[in-house]
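Please read the sequence alongside the 3D view. The paragraphs that follow start at a pocket and work outwards from there.

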Amino acid sequence: MSVVPADLVDRRLDREMRWGSGPGPAAAVRSGFVRSVNSWVVHEKAVFSPVNGRMPKHIPFIPRGADLLEAPGPVIAAWCRYRTRDGGDESTIMTLREIWAIRDRSQGYRSAIKYNKTDNPWISDFEEMAKKTVVRRTL
């Protein structure tokens with residue numbers, strides 16, 4: 001059994017994560033390179049203010065108006081932030097159009113539309129699929 005230096009493993013994982021061919025979010029967190037991963041959807045009636053395409057460290061969006069029980073409106077974007085063990089962070093924002101483009105390439109979604117089925121996660125759980133999509137794009 002050969003021993004691989006830890007810094008070589010980190011460089012490999014870093015390269016795989018940057019190019020989207022990595023083992024995925026769960027493996028990235030298990031590896032220790034990524035400390036945490038969070039994703040959210042942004043609704044039309046939320047105040048949302050990214051800074052230069054990156055999310056600030058505080059909560060970046062809040063519901064508009066005093067009535068927090070008001071319907072939030074349709075999803076307009078999704079975003080993800082991960083934090084590394086050395087204190088760095090990276091975030092990605094995807095617009096609804098970008099999310100739809102990925103959804104429309106999904107074999108399962110196309111099949112569900114073709115056969116008029118509603119048991120596809122893109123149809124039944126769109127917000128969760130949008131969050132998953134932006135996480136996968138980020139990691």
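How do the residues of the lining of the largest pocket divide into nonpolar, polar and charged? The model is a predicted one, and in it the lining divides into three nonpolar, two polar and three charged residues. The residues concerned are I102, S106, W122, M129, K132, T133, R136 and R137. The space in this pocket is about 220 Å³. Helix α6 gives the largest share of the lining, with five residues.

Before going further into the pocket, it helps to have the whole chain in view. The chain has 139 residues, and 31% of them are buried. It holds six helices and five strands, in the order α-α-β-β-β-β-β-α-α-α-α from the N terminus. Among contacts with a separation of 6 or more, 57% join residues that are 24 or more positions apart. The accessible surface is about 9,400 Å², and carbon and sulfur atoms account for 54% of that area.

Helix α6 covers residues 126-138, which is 13 residues. From its first C-alpha to its last it reaches 18 Å, close to the 18 Å expected at 1.5 Å a residue. Its buried residues are F126, M129, A130, T133, V134, V135 and T138. A general point about helices is useful when reading that list: an α-helix has 3.6 residues a turn, so residues three or four places apart point the same way. Two of the buried residues of α6, M129 and T133, are also found in the lining of the largest pocket.

T133 is placed in α6. Is T133 buried or exposed? T133 counts as buried because its relative accessibility is 9%, and the cut-off for buried is under 20%. Apart from neighbours within four places in sequence, T133 is in contact with M94, I102 and W122. Of these partners, I102 and W122 line the largest pocket, as T133 does.

I102 belongs to helix α3, residues 96-105. With a relative accessibility of 22%, I102 counts as partly exposed. Residues up to four places away in sequence aside, I102 touches M94, T133 and R137. M94 is thus a partner of I102 and also of T133. The C-alpha atoms of I102 and A130 are separated by 9.5 Å, with the two positions 28 residues apart along the chain.

A second link to the end of the chain starts from helix α2, residues 25-31, where P25 is placed. P25 counts as partly exposed, at 28% relative accessibility. Its contacts, leaving aside neighbours within four places in sequence, are with V135 and L139. V135 is one of the buried residues of α6. P25 and T138 are 113 residues apart along the chain, yet their C-alpha atoms are separated by 9.0 Å.

One backbone angle remains to be noted. Most residues other than glycine have a negative phi. N116 is not a glycine, but its phi is positive, at about 55 degrees. N116 sits in the loop between α4 (107-114) and α5 (121-124). N116 counts as exposed because its relative accessible area is 70%, and the cut-off for exposed is over 50%.

Note on methods
Residues numbered from 1 in each chain as written. Predicted model: local features only at pLDDT ≥ 70, side-chain atom pairs only at ≥ 80, totals over all residues. Heavy atoms only, no water. Helix = DSSP H or I, 4+ residues; strand = E, 2+ residues; numbered from the N terminus. Buried < 20%, exposed > 50% of the residue type's maximum accessible area, 1.4 Å probe, protein only. Contact = heavy atoms within 4.5 Å. Areas by Shrake-Rupley, 256 points an atom, 1.4 Å probe, with all protein chains shown as cover. Expected span 1.5 Å × (residues − 1). 1 Å grid on protein atoms, 1.4 Å probe; cavity = no way out; pocket = protein on both sides within 12 Å on 5 of 7 lines; lining within 4 Å. Points joined across faces, edges and corners; volume = space filled by probe spheres on them. Nonpolar A, V, L, I, M, F, W, Y, C, P; charged D, E, K, R; others polar.
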